[in-house]
Amino acid sequence: MITLYQFPTSPFCEKIRRILHFKRIAFSIVDVPRVAVADYASVSPNGKFPAIDHDGQAVQDSTDIAHYIERHFPTPPLIPEDPREAALCHVIEDWADESLYFYELVMRLGWESNAVRSVPAFARTMPGLSDEEVLSRLLLGVRAITQPQGLGRKAEAEIVADVERHIAALNAMLEGRDWLAGSRISLADIAVTSQIQALRGAQEATAIIDSFPRIGKWEERVAGLAPA
């Protein structure tokens, strides 16, 4: 039996839920309070979530979890068999996790006009804090992460232009094909979809995504096989 320990608002946790649903693996969920992460050190000593417990084996980090699940539950496959397609899948997943993620973080949770809409969901995992305190923690937390990373030092218009290029690139990758890496759904599709859904928490990003109907149809295909 697998237990998923998660932050419900995290795109990386959504990624693992989608993988488990795609694999048709029975699992239970524990929502981790963000104010009590240390209480879950037995499953995630480094405080990273998602984390899973599979019959006593704890695994952290969404990519490590994905490959662990693929080894133990190989059907249906998550990684393409063809080496070139598998390599492409790896690169696209990394693009989702290490690039798109920071854009959704800034736009969804770092811009106050968008962050206020996320407060109720975050407040459920931050008991004892007022909505104003939750919002303040979101804004300050995102700034602390993205200022050193670099994206937090960009102007909003520059970030929107960056996202337009990323979404246009995704649209181009889907031209004439149903999936991002090979002839069937893969980890690449699930990883990117999870970040796209998080980006939709920013109204500016939603407008960009919706201007590409091909992406919406791809999102529907992914959701049909790997729902969140």
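1. Pro76 is placed in the loop between α2 and α3, and in this predicted model a cis peptide bond joins Thr75 to Pro76, with omega at about -10 degrees. As background, most peptide bonds are trans.

2. A cis peptide bond is also found from Phe49 to Pro50, where omega is near 20 degrees, and Pro50 belongs to the loop between β2 (27–31) and β3 (51–54). Phe49 deserves a second look, as this residue is listed among those closest to the centre of the largest pocket.

3. The backbone at Asp55 also merits a check, since the residue has a positive phi of about 50 degrees although it is not a glycine. In general, most residues other than glycine have a negative phi. Asp55 lies in the loop between β3 and β4 (57–60).

4. The domain assignment divides the protein chain into domain 1 (2–72) and domain 2 (83–225), and the contact involves 18 residues from domain 1 together with 23 residues from domain 2. Between the C-alpha centres of domain 1 and domain 2 the distance is 20 Å.

5. The largest pocket holds about 760 Å³ of space, and of the 32 residues that line it, the closest to its centre are Phe7, Phe12, Arg34, Phe49 and Tyr101. Domain 1 (2–72) and domain 2 (83–225) each contribute at least three residues to the lining of the largest pocket.

6. With regard to secondary structure, at least two residues of the lining of the largest pocket come from each of α1 (11–23), α2 (62–72), α3 (83–110) and α5 (131–149), and α3 provides the largest share, eleven residues. By residue class, the lining of the largest pocket consists of 15 nonpolar, seven polar and ten charged residues.

7. Two of the residues closest to the centre of the largest pocket, Phe7 and Arg34, are also partners in a charge-over-ring arrangement, in which Arg34 lies over the face of Phe7 at 4.1 Å from the ring centre. Elsewhere in the chain, Arg221 has its charged end over the ring of Trp179, at 5.7 Å from the centre of that ring.

8. Four aromatic pairs are present in the structure, and ring pairs join Phe12, Tyr101 and Phe102 in a cluster. Phe12 and Tyr101 of this cluster are likewise among the residues closest to the centre of the largest pocket, which makes the cluster a useful landmark when the pocket is inspected in the model.

Notes. Residues numbered from 1 in each chain as written. Predicted model: local features only at pLDDT ≥ 70, side-chain atom pairs only at ≥ 80, totals over all residues. Heavy atoms only, no water. Phe/Tyr/Trp six-rings, centres within 6.5 Å; stacked < 30°, edge-to-face > 60°. Lys NZ or Arg CZ within 6 Å of the ring centre and 35° of its normal. 1 Å grid on protein atoms, 1.4 Å probe; cavity = no way out; pocket = protein on both sides within 12 Å on 5 of 7 lines; lining within 4 Å. Points joined across faces, edges and corners; volume = space filled by probe spheres on them. Helix = DSSP H or I, 4+ residues; strand = E, 2+ residues; numbered from the N terminus. Nonpolar A, V, L, I, M, F, W, Y, C, P; charged D, E, K, R; others polar. Domains from an automatic or database assignment. Contact = heavy atoms within 4.5 Å.
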